[in-house]
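Q: Please take a close look at one part of this predicted model. I would like the details of a single helix and its surroundings, then how the rest of the chain fits around that part.

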Amino acid sequence: MTGTHASTTSDRGMRIDVRDLSETVGDGHCVLDAVSFTIEPGELVAVVGGSGAGKTTLLEAIAGIRPADSGTVAFDGVDAAAHLAELRRSMGYVPQDDIIHAELPLVATLRYAAQLRLASTPPEQLTALLDDVLACLDLSARATSKSAR
């Protein structure tokens, strides 16, 4: 698996194929109903919806934290359920707002998260990466604004 994964992974990320994910919660409410989509490497995707719409359920199923009742997730054609341990080295999942520090400016919040995940990155390179991320997301003007919950 590792050899196949390494040879197909782009420098810009992995292709994620979600097929027919379905999940029903305890009260019989269907929160995912045969959800299917593909995310190409380098694409930025937002998952939005009201409370209880299934956003967290969907993301947890994709990340392998809590698999859906049915359906499949593949990263670069590799079945996530069958190779989750290997794939976890190539993915990250950030829960919605329990890691956001509402009193810190956006750039400080991002720097803190980046320092945890990129501990061996030199400070100058980390600053450049943060500047690039803020620019790519068109958030440079809000860098000193406090994080919103």
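A: The buried residues of α2 are covered by a set of elements that includes β1, β2, β3 and α3 (84–87). The helix is mostly covered, with 7 of its 9 residues buried. Those buried residues are Lys-55, Thr-57, Leu-58, Glu-60, Ala-61, Ile-62 and Ala-63. The list includes Lys-55 and Glu-60, which count as charged. After α2 comes Gly-64, with a positive phi near 80°.

Next, the chain as a whole. It has 5 helices and 4 strands. From the N terminus the order is α-β-β-α-β-β-α-α-α. Of the 149 residues in the protein chain, 25% are buried. Take the contacts between residues at least 6 apart in sequence: 54% of them join residues at least 24 apart.

Now the sheet. Its 4 strands form an open sheet, ordered β2-β1-β3-β4, with antiparallel pairing. The edge strands are β2 and β4 (78–79), each of which pairs on one side only. Strand β1 (residues 16–24) is joined to β2 (residues 30–39) by 6 bridges, and these two strands run antiparallel. Another 5 bridges join β1 to β3, again antiparallel.

Individual pairs fix the register. Asp-17 has Thr-38 as its bridge partner in β2. In β3, Asp-17 stands opposite Ala-74. Arg-19 stands opposite Thr-72 in β3. Leu-21 has Val-35 as its bridge partner in β2. In a regular strand, side chains alternate between the two faces of the sheet.

The β1 and β2 hairpin has 5 residues between its strands. Gly-28 in this hairpin takes a positive phi near 85°.

Helix and sheet meet in the nonpolar core. The largest such core has 16 residues. Ile-16, Leu-21, Ile-62, Val-73 and Phe-75 have the most contacts inside it. The elements that give two or more residues to this core are β1, β2, α2 (55–63) and β3. Ile-62 is also one of the buried residues of α2. In soluble globular proteins, nonpolar side chains tend to be buried together.

Val-73 shows the link in detail. Leave aside its neighbours within four places in sequence. Val-73 is then in contact with Ile-16, Asp-17, Leu-21, Ala-61, Ile-62, Val-78, Asp-79 and Ala-80. Ala-61 and Ile-62 in that list are buried residues of α2.

A pocket also involves this region. The second largest pocket has a volume of about 180 Å³. It is lined by 14 residues, and the closest to its centre are Ala-61, Pro-67, Gly-71, Val-73 and Ala-81. Strand β3 (residues 70–75) gives the largest share of the lining, 4 residues. By class, the lining has 8 nonpolar, 4 polar and 2 charged residues. Ala-61 thus appears in two settings: it is among the residues closest to the pocket centre, and it is in contact with Val-73.

Ala-81 deserves a separate word. It lies in the loop between β4 and α3. Ala-81 counts as exposed because its relative accessible area is 71%, and the cut-off is over 50%. Ala-81 and Ala-63 are 18 residues apart in sequence, and their C-alpha atoms are 9.7 Å apart in space. Ala-63 itself is buried in α2.

Two backbone points remain, both at aspartates. Asp-76 lies in the loop between β3 and β4. Its phi is near 50°, a positive value in a residue other than glycine. Asp-76 is classed as buried because its relative accessible area is 15%, and the cut-off is under 20%. Asp-138 is found in the segment after α5 (123–136). Asp-138 has a positive phi of about 55°, although it is not a glycine. At 68% relative accessibility, Asp-138 counts as exposed.

To return to the helix: α2 has 7 of its 9 residues buried, and its cover includes three strands of the sheet, β1, β2 and β3, along with α3. These strands and α2 each give two or more residues to the largest nonpolar core.

Notes:
Residues numbered from 1 in each chain as written. Predicted model: local features only at pLDDT ≥ 70, side-chain atom pairs only at ≥ 80, totals over all residues. Heavy atoms only, no water. Pairing = 2+ DSSP bridges. 1 Å grid on protein atoms, 1.4 Å probe; cavity = no way out; pocket = protein on both sides within 12 Å on 5 of 7 lines; lining within 4 Å. Points joined across faces, edges and corners; volume = space filled by probe spheres on them. Core = buried A, V, L, I, M, F, W, Y, C linked by side-chain atoms within 4.5 Å. Buried < 20%, exposed > 50% of the residue type's maximum accessible area, 1.4 Å probe, protein only. Contact = heavy atoms within 4.5 Å.
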